[in-house]
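Work through the exercises below with the sequence and the model side by side. Try each task before reading its solution.

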Amino acid sequence: MQSLQDKASEWSGVAAADAFAIDDVNIFESLGGTPQPFVDLSTNFYTRVYEDEEEWFREIFAGSKKEDAIQNQYEFLIQRMGGPPLFSQRRGHPALIGRHRPFLVTHRAAERWLHHMQQALDATESIDVDSKTKMTNFFRHTAYFIVAGNEMTRQQGHGVACKHATSKPAE
């Protein structure tokens, strides 16, 4: 059995230690301890997503209002990068696999998502280079963690409790 984290590392090309280097420093504090860099990043990202030229990709997000998507993302990022637990206070545990389960999150969709996130990171001047590198590794690994979880739950027909769940062969 291969864990979802192991699959994410294999598929993303990012070792778990590199993906979770965001935990070695409080990125929220290193970026000034304010929400603004995360708001800027999320706004830049979702502007790109909602204007994507690929209809199949835009349709993944069609059921969400852009403003809600932006808020969900920046609150999650603030919380995950060492800031206050804004996302959990408003929406509960992030439960990334469960929250993304309604969407067909494929390798292709992950790469398109990562394309837009990299462009948004590059354009967000309030985020320093070291933080961008750590965030890029985290995003790449996490995107493929969600792909692995999505594939597993579709095969098994049920949810995954946490990030430490392992995949099992389809029965």
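Buried means under 20% relative accessible area, exposed means over 50%, and partly exposed lies in between (1.4 Å probe, protein chains only). This is a predicted model, in which local features need pLDDT of at least 70 and side-chain atom pairs count only at pLDDT 80 or more, while totals for chains, interfaces and linings use all residues. Residues are numbered from 1 along each chain as its sequence is written, and side-chain values use heavy atoms, with hydrogens and water left out.

**Exercise 1. Glu111 and its partner**

Find the salt bridge that Glu111 forms, and state whether each partner is buried, partly exposed or exposed.

Solution.
- Step 1: Apply the criterion for a salt bridge, a side-chain nitrogen of Lys or Arg within 4 Å of a carboxyl oxygen of Asp or Glu.
- Step 2: Glu111 meets it with Arg140, with 2.7 Å between the closest N and O atoms.
- Step 3: Glu111 belongs to helix H9 and Arg140 to helix H10, so the bridge ties together parts 29 residues apart in sequence. Helices here are DSSP runs (H or I, at least four residues), as strands are (E, at least two), numbered from the N terminus.
- Step 4: Glu111 has a relative accessible area of 33%, so Glu111 is partly exposed. Arg140, at 24%, is also partly exposed.

**Exercise 2. Surroundings of Tyr144**

Locate Tyr144 and describe its contacts.

Solution.
- Step 1: Tyr144 sits in helix H10, which covers residues 129–156.
- Step 2: Its relative accessibility is 3%, so Tyr144 counts as buried.
- Step 3: Count contacts as heavy atoms within 4.5 Å. With neighbours within four places in sequence set aside, Tyr144 is in contact with Ala8, Trp11, Ser12, His107, Ala110, Glu111 and Leu114.
- Step 4: Between the side chains of Tyr144 and Glu111 there is a polar contact of 2.5 Å. A polar contact is a pair of N or O atoms within 3.5 Å; within protein, one must be able to donate a hydrogen and the other to accept it, and residues adjacent in sequence count only if both atoms are side-chain atoms.
- Step 5: Asp6 is 138 residues from Tyr144 along the chain, and their C-alpha atoms are separated by 10.0 Å.

**Exercise 3. Other salt bridges**

How many salt bridges does a search of the whole structure find? Describe those of Asp52 and Lys134.

Solution.
- Step 1: The search finds five.
- Step 2: Asp52 pairs with Arg112, the closest N and O atoms being 2.8 Å apart. The two are 60 residues apart: Asp52 is in the loop between helix H4 (36–50) and helix H5 (55–60), and Arg112 is in helix H9 (residues 107–123). Asp52 and Arg112 are both buried.
- Step 3: Lys134 and Asp130 form a salt bridge of 2.8 Å, N to O. Both lie in helix H10, four residues apart, about one turn of the helix. Lys134 is buried at 16%, whereas Asp130 is partly exposed at 44%.
- Step 4: Shared partners join Asp52, Glu53 and Arg112 into one network of salt bridges.

**Exercise 4. Span of helix H6**

Compare the expected span of helix H6 with the distance between its end C-alpha atoms.

Solution.
- Step 1: The expected span of a helix is 1.5 Å times one less than its number of residues.
- Step 2: H6 (residues 66–80) has 15 residues and should therefore span 21 Å; its end C-alpha atoms are 21 Å apart, which agrees.
- Step 3: The buried residues of H6 include Ala69, Ile70, Tyr74 and Phe76.
- Step 4: Gly82 follows H6 and has a positive phi, near 105°.

**Exercise 5. The core and the rings**

Which residues have the most contacts inside the largest nonpolar core, and which helix gives the most to this core? Then classify the ring pairs of Phe138.

Solution.
- Step 1: A nonpolar core is a set of buried Ala, Val, Leu, Ile, Met, Phe, Trp, Tyr and Cys residues joined through side-chain atoms within 4.5 Å.
- Step 2: The largest one has 41 residues, and those with the most contacts inside it are Phe38, Leu41, Met81, Met135 and Phe139. H10 gives the most to this core, with ten residues.
- Step 3: Rings of Phe, Tyr and Trp (its six-membered ring) pair if their centres lie within 6.5 Å; planes under 30 degrees apart count as stacked, over 60 as edge-to-face and the rest as tilted.
- Step 4: Twelve aromatic pairs are found in the whole structure. Phe20 and Phe138 are edge-to-face, at 6.4 Å centre to centre and 70° between the planes.
- Step 5: Phe138 and Phe139 have ring centres 5.9 Å apart and planes at 55°, so this pair is tilted.
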